[in-house]
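Student: I'd love a close look at one part of this protein, and I'm most curious about its charged side chains. Could you walk me through them, and then show me what surrounds them?

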Amino acid sequence: MKKLLLTYIFVCLALAAGAQNMTSSPYSRFGYGDLGDEAPNTFRAMGGVGIGMRSKQAIDPLQPASYTTCDSTSFMFDLAGSVMWTTYVDASGRRNRVNGNLEYILLQVPIYKRYIAFSAGVMPYSSVGYNFSLSDSINSDYHYSQMFAGEGGITQVYGGLSFNVLDWFAVGANVYYMFGDVSNYRALTFTESGMHDVAMYSILKVSSVRTRFGAQLFHTFEDRHAFAVGAVFEPKLPLHGDFSVIETNWLDTVQYVGADIQVPMQWGVGASYTWQQRLTVAFDYMHQGWGEVKCFTNQQLRSRSIYALGVEYRHNPLGREYVDRVFWRIGAKMADPYLESINGKEFKVSIGVGLPLRNSATVFNATVEYDHRGALLKENYLKLTINAAINENWFFKRKL
């Protein structure tokens, strides 16, 4: 186990070292950047479901009420890394980029038997990373270049508790500490000496707290049919931090500070059905009220709907052949962009496999996601994410 864990950590670090950032998308220059996926890799292969999921093979920070699914003697640890190949296509041609990084670090432990459990972790809330330029002329007389560059992101550290209020009802809550810097730079330069250049640099520094609440109803019938439905809710809160802009033109250098910054109210519902611990089908809907929040820039935001559907199958959990116990997953997701400047919906399909260790509840997972978004600038990426959901019995007394 130690050798496998060390090997896995080395692979994740190698993936992270292979590229410079979580994203290279020009779309990340808008708003808070590219928003992260809070579902664990196990469920990303199922389209990113999680609100109605109760699984002993995954830590699910998307639904804080799910932590009590862990065994009363188990310790769970989940580490994920990814690499992403992206193609951008517009009127000027085609460009390719490769990015990668650590995705998240999660842990989960029981507090009191099967009634109270705790989870904590680190994951990205948003990522920014782009660098591109455009050149053109005005009536073929004045030639200019536009440069755009940005980097950074917002990271979130969470701690959450889950309570089994009844044998069929659980509630939970996460508290997030959000921190990070997002910087954006743009410049307009002219070739002709008589024209004046303009540049603007902005930086957002975040240090804030937000919360999420969750609840689940679940029941198993005749030890064959398991159902679960869940809901999550986050209130709209101010995002404490500093925002400053420095603008340089031919007359002066101007600096101004301060802006209203918020994170949106969001709510979601989900449901799952499991047959004989072999087949699981799940569906989620999430609404994010970006259209009602104040942005630190003058960009227009719009409310966002996210639909996710996923299926997981394994032939026989108790089968003698190893292939019988392998998890096979497939999913799809459709989402609206949260920025008015981005046209069209985002479509994503995913497949994945879960490889359990012999004589252990630990599972190594690999997920491949294909995503498409954008109209004038088409962005297509293929993302490989691997994670180790380590599940070991730590909290039990040995009998002499």
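Student: How many salt bridges does the count come to?

Tutor: Happy to take you through it. Please keep in mind that this is a predicted model. The count of salt bridges comes to 15. Side chains of opposite charge can pair when their charged atoms come close. Let's take a few of these pairs in turn.

Start with E234 and R212, whose side chains meet in a salt bridge with 2.7 Å from N to O. E234 sits in strand β8, residues 225–234, while R212 belongs to strand β7, and the pair links distant parts of the chain, 22 residues apart. Are these two partners buried or exposed? E234 counts as buried because its relative accessibility is 2%, where buried means under 20%. R212 has 1% relative accessibility, so R212 counts as buried too. The pair also belongs to a wider arrangement: E38, R210, R212 and E234 are linked in a network of salt bridges.

Next comes E312, which forms a salt bridge with R329, the closest N and O atoms being 2.8 Å apart. Because E312 lies in strand β15 and R329 in strand β16, this pair ties together parts that are 17 residues apart in sequence. Both E312 and R329 are buried.

Now turn to R302 and E340, whose side chains meet in a salt bridge at 3.5 Å, N to O. R302 is found in the loop between β14 and β15, and E340 in the loop between β16 and β17, so the pair ties together parts that are 38 residues apart in sequence. R302 counts as partly exposed, at 22% relative accessibility. E340 also counts as partly exposed, with 39%.

Those two loops are joined by an aromatic contact as well. A pair of aromatic rings is described by the distance of the centres and the angle of the planes. W290 and Y338 form a tilted pair, 4.7 Å centre to centre, with 45° between the planes. W290 lies in the loop between β14 (279–288) and β15 (304–313), and Y338 in the loop between β16 (327–335) and β17 (346–356), so this pair ties together parts that are 48 residues apart in sequence. W290 is buried, at 2% relative accessibility, and Y338 is buried as well, at 6%. This brings together two kinds of link between the loops: the salt bridge of R302 and E340, and the ring pair of W290 and Y338. In the whole model, the count of aromatic pairs comes to 13.

The rings do not stop at two, since ring pairs link Y32, W290 and Y338 into a cluster.

Y32 leads us on to the nonpolar interior. The largest nonpolar core has 37 residues, and Y32 and M178 are those with the most contacts inside it. Elements that give two or more residues to this core include β2 (74–90), β3 (93–112), β4 (116–138), β5 (142–166) and β6 (169–190). β7 (198–221), the strand where we met R212, is also one of the elements that give two or more residues to the core. β4 gives the most, with five residues. Apart from this core lies another, of 14 residues, among them V49, I51, M286 and A335.

How are some of these strands arranged? β4 and β5 pair in the antiparallel sense over 22 bridges, and here I116 stands opposite F163 in β5. β5 and β6 also run antiparallel, joined by 22 bridges. A149 stands opposite Y185 in β6, and a hairpin joins β5 to β6 through two residues.

F163 has a further part to show you on the surface. Together with I111, Y112, Y115, L161, V165, L166, W168, L217 and V229, F163 makes a nonpolar surface patch of about 890 Å². β3 and β5 each supply at least two residues of the patch, and I111 lies in strand β3. The largest share, four residues, comes from β5.

To retrace the route on your screen, begin at the network of E38, R210, R212 and E234, move to the loops held by R302 and E340, and then follow the cluster of Y32, W290 and Y338 to the largest nonpolar core, where Y32 is among the residues with the most contacts.

Definitions and conventions. Residues are numbered from 1 along each chain as its sequence is written. This is a predicted model: local features need pLDDT of at least 70, side-chain atom pairs count only at pLDDT 80 or more; totals for chains, interfaces and linings use all residues. Side-chain values use heavy atoms; hydrogens and water are left out. A nonpolar core is a set of buried Ala, Val, Leu, Ile, Met, Phe, Trp, Tyr and Cys residues joined through side-chain atoms within 4.5 Å. Buried means under 20% relative accessible area, exposed over 50%, partly exposed in between (1.4 Å probe, protein chains only). Two strands pair if DSSP finds at least two bridges between them. Patches are made of residues with over 30% relative accessible area and no salt bridge: like charges are joined within 9 Å, nonpolar side chains (Val, Leu, Ile, Met, Phe, Trp, Tyr) within 5 Å. Accessible areas come from the Shrake-Rupley method with a 1.4 Å probe; for residues, only the protein chains shown count as cover. A salt bridge is a side-chain nitrogen of Lys or Arg within 4 Å of a carboxyl oxygen of Asp or Glu. Rings of Phe, Tyr and Trp (its six-membered ring) pair if their centres lie within 6.5 Å; planes under 30 degrees apart count as stacked, over 60 as edge-to-face and the rest as tilted.
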